[in-house]
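Please work through the following exercises with the sequence and the model open beside you. Each exercise gives a task and then a solution in steps.

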Amino acid sequence: MDYLEWADEYYLNAGRVKSVIERKKQLLKEKKSLTADQRKRLTDDIKQYRRIYHELLDVGDILVSRAEGAGRET
(Lines give C-alpha, C1' and ligand atoms only; values in the text may rest on other atoms or scores of the structure.)
Protein backbone atom coordinates (compact mmCIF):
# COMPACT_ATOMS: atom_id res chain seq x y z
CA MET A 1 0.00 0.00 0.00
CA ASP A 2 1.42 3.38 -0.94
CA TYR A 3 0.70 6.77 0.62
CA LEU A 4 -2.13 7.60 -1.80
CA GLU A 5 -3.94 4.32 -1.14
CA TRP A 6 -3.45 4.86 2.54
CA ALA A 7 -4.83 8.42 2.26
CA ASP A 8 -7.85 7.08 0.35
CA GLU A 9 -8.58 4.75 3.26
CA TYR A 10 -8.56 7.70 5.64
CA TYR A 11 -10.83 9.72 3.33
CA LEU A 12 -13.19 6.76 3.00
CA ASN A 13 -13.39 6.42 6.78
CA ALA A 14 -13.95 10.18 7.08
CA GLY A 15 -16.92 9.78 4.74
CA ARG A 16 -18.31 7.04 6.93
CA VAL A 17 -17.93 9.16 10.05
CA LYS A 18 -19.61 12.07 8.25
CA SER A 19 -22.63 9.89 7.52
CA VAL A 20 -22.83 8.97 11.22
CA ILE A 21 -22.73 12.68 12.07
CA GLU A 22 -25.54 13.40 9.61
CA ARG A 23 -27.69 10.59 11.04
CA LYS A 24 -27.20 11.85 14.58
CA LYS A 25 -27.99 15.42 13.54
CA GLN A 26 -31.15 14.17 11.84
CA LEU A 27 -32.16 12.33 15.02
CA LEU A 28 -31.65 15.52 16.96
CA LYS A 29 -33.92 17.43 14.58
CA GLU A 30 -36.65 14.79 14.20
CA LYS A 31 -37.05 13.60 17.77
CA LYS A 32 -38.88 16.35 19.62
CA SER A 33 -39.56 14.00 22.53
CA LEU A 34 -35.92 13.67 23.55
CA THR A 35 -35.07 14.46 27.15
CA ALA A 36 -32.44 17.07 27.93
CA ASP A 37 -30.07 14.25 28.84
CA GLN A 38 -30.60 12.50 25.51
CA ARG A 39 -30.13 15.77 23.60
CA LYS A 40 -26.88 16.46 25.45
CA ARG A 41 -25.62 12.95 24.76
CA LEU A 42 -26.42 13.28 21.05
CA THR A 43 -24.79 16.71 20.90
CA ASP A 44 -21.69 15.40 22.68
CA ASP A 45 -21.55 12.42 20.29
CA ILE A 46 -21.75 14.75 17.30
CA LYS A 47 -18.89 16.88 18.68
CA GLN A 48 -16.74 13.79 19.23
CA TYR A 49 -17.46 12.43 15.76
CA ARG A 50 -16.60 15.83 14.25
CA ARG A 51 -13.22 15.71 15.96
CA ILE A 52 -12.62 12.23 14.55
CA TYR A 53 -13.80 13.35 11.10
CA HIS A 54 -11.39 16.29 11.01
CA GLU A 55 -8.55 14.16 12.32
CA LEU A 56 -9.12 11.60 9.55
CA LEU A 57 -9.10 14.36 6.93
CA ASP A 58 -5.92 15.87 8.38
CA VAL A 59 -4.10 12.54 8.35
CA GLY A 60 -5.31 11.88 4.80
CA ASP A 61 -3.93 15.27 3.74
CA ILE A 62 -0.60 14.53 5.41
CA LEU A 63 -0.37 11.22 3.58
CA VAL A 64 -1.11 12.89 0.24
CA SER A 65 1.66 15.41 0.97
CA ARG A 66 4.05 12.59 1.75
CA ALA A 67 3.09 10.85 -1.49
CA GLU A 68 3.87 14.04 -3.41
CA GLY A 69 7.18 14.39 -1.56
CA ALA A 70 8.08 10.76 -2.22
CA GLY A 71 7.30 11.24 -5.90
CA ARG A 72 9.71 14.14 -6.17
CA GLU A 73 12.54 12.17 -4.56
CA THR A 74 12.46 9.31 -7.04
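**Exercise 1: A pair within one helix**

Glutamate 22 is partly exposed, having a relative accessible area of 38%, where buried means under 20% relative accessible area, exposed over 50% and partly exposed in between (1.4 Å probe, protein chains only). The model is a predicted one, in which local features need pLDDT of at least 70 and side-chain atom pairs count only at pLDDT 80 or more, while totals for chains, interfaces and linings use all residues. Residues are numbered from 1 along each chain as its sequence is written, and side-chain values use heavy atoms, with hydrogens and water left out.

Task: Determine which residue forms a salt bridge with glutamate 22, and how the two are placed in the chain.

Solution. Begin with the criterion: a salt bridge is a side-chain nitrogen of Lys or Arg within 4 Å of a carboxyl oxygen of Asp or Glu. Side chains of opposite charge can pair when their charged atoms come close. The partner is lysine 25, and the closest N and O atoms of this pair are 4.0 Å apart. Next, consider the placement: glutamate 22 and lysine 25 are three residues apart in helix α1, and are therefore separated by about one helical turn. Helices here are DSSP runs (H or I, at least four residues), as are strands (E, at least two), and they are numbered from the N terminus. Finally, lysine 25 has 28% relative accessibility and so counts as partly exposed.

**Exercise 2: The other salt bridges**

Task: State how many salt bridges the rule gives in total, and describe the pairs of lysine 24 and aspartate 44.

Solution. The count comes to three salt bridges. Lysine 24 pairs with aspartate 45, their closest N and O atoms being 3.6 Å apart. This pair links distant parts of the chain, with lysine 24 in helix α1 and aspartate 45 in helix α2 (residues 36–73), 21 residues apart. Lysine 24 counts as buried because its relative accessibility is 19%, whereas aspartate 45, at 28%, counts as partly exposed. The side chain of aspartate 44 meets that of lysine 40 in a salt bridge at 2.8 Å, N to O. Both of these residues lie in helix α2, four residues apart, which is about one turn of the helix.

**Exercise 3: Patches on the surface**

Task: Find which residues make up the nonpolar, negative and positive surface patches.

Solution. Patches are made of residues with over 30% relative accessible area and no salt bridge, like charges being joined within 9 Å and nonpolar side chains (Val, Leu, Ile, Met, Phe, Trp, Tyr) within 5 Å. Met1, Tyr3 and Trp6 make a nonpolar patch of about 360 Å², and tryptophan 6 is placed in helix α1 (residues 3–30). The negative patch gathers Asp2, Glu5, Asp8 and Glu9, with glutamate 9 found in helix α1. Lys18, Lys47, Arg50 and Arg51 form the positive patch, whose largest share, three residues, comes from α2, while lysine 18 is found in helix α1.

**Exercise 4: The whole chain**

Task: Is the chain more spread out or less spread out than a compact globule?

Solution. First, the chain holds two helices and zero strands. Its radius of gyration, taken over C-alpha atoms, is 17 Å, well over the 11 Å that the globule rule gives for 74 residues, so the chain is more spread out than a compact globule. The globule rule is 2.2 Å times the number of residues to the power 0.38. Along its principal axes, the C-alpha trace spans about 60 × 15 × 15 Å.

Methods: Areas by Shrake-Rupley, 256 points an atom, 1.4 Å probe, with all protein chains shown as cover. Lys, Arg positive; Asp, Glu negative; His and termini not counted. Charge placed at Lys NZ, Arg CZ, Asp CG, Glu CD.
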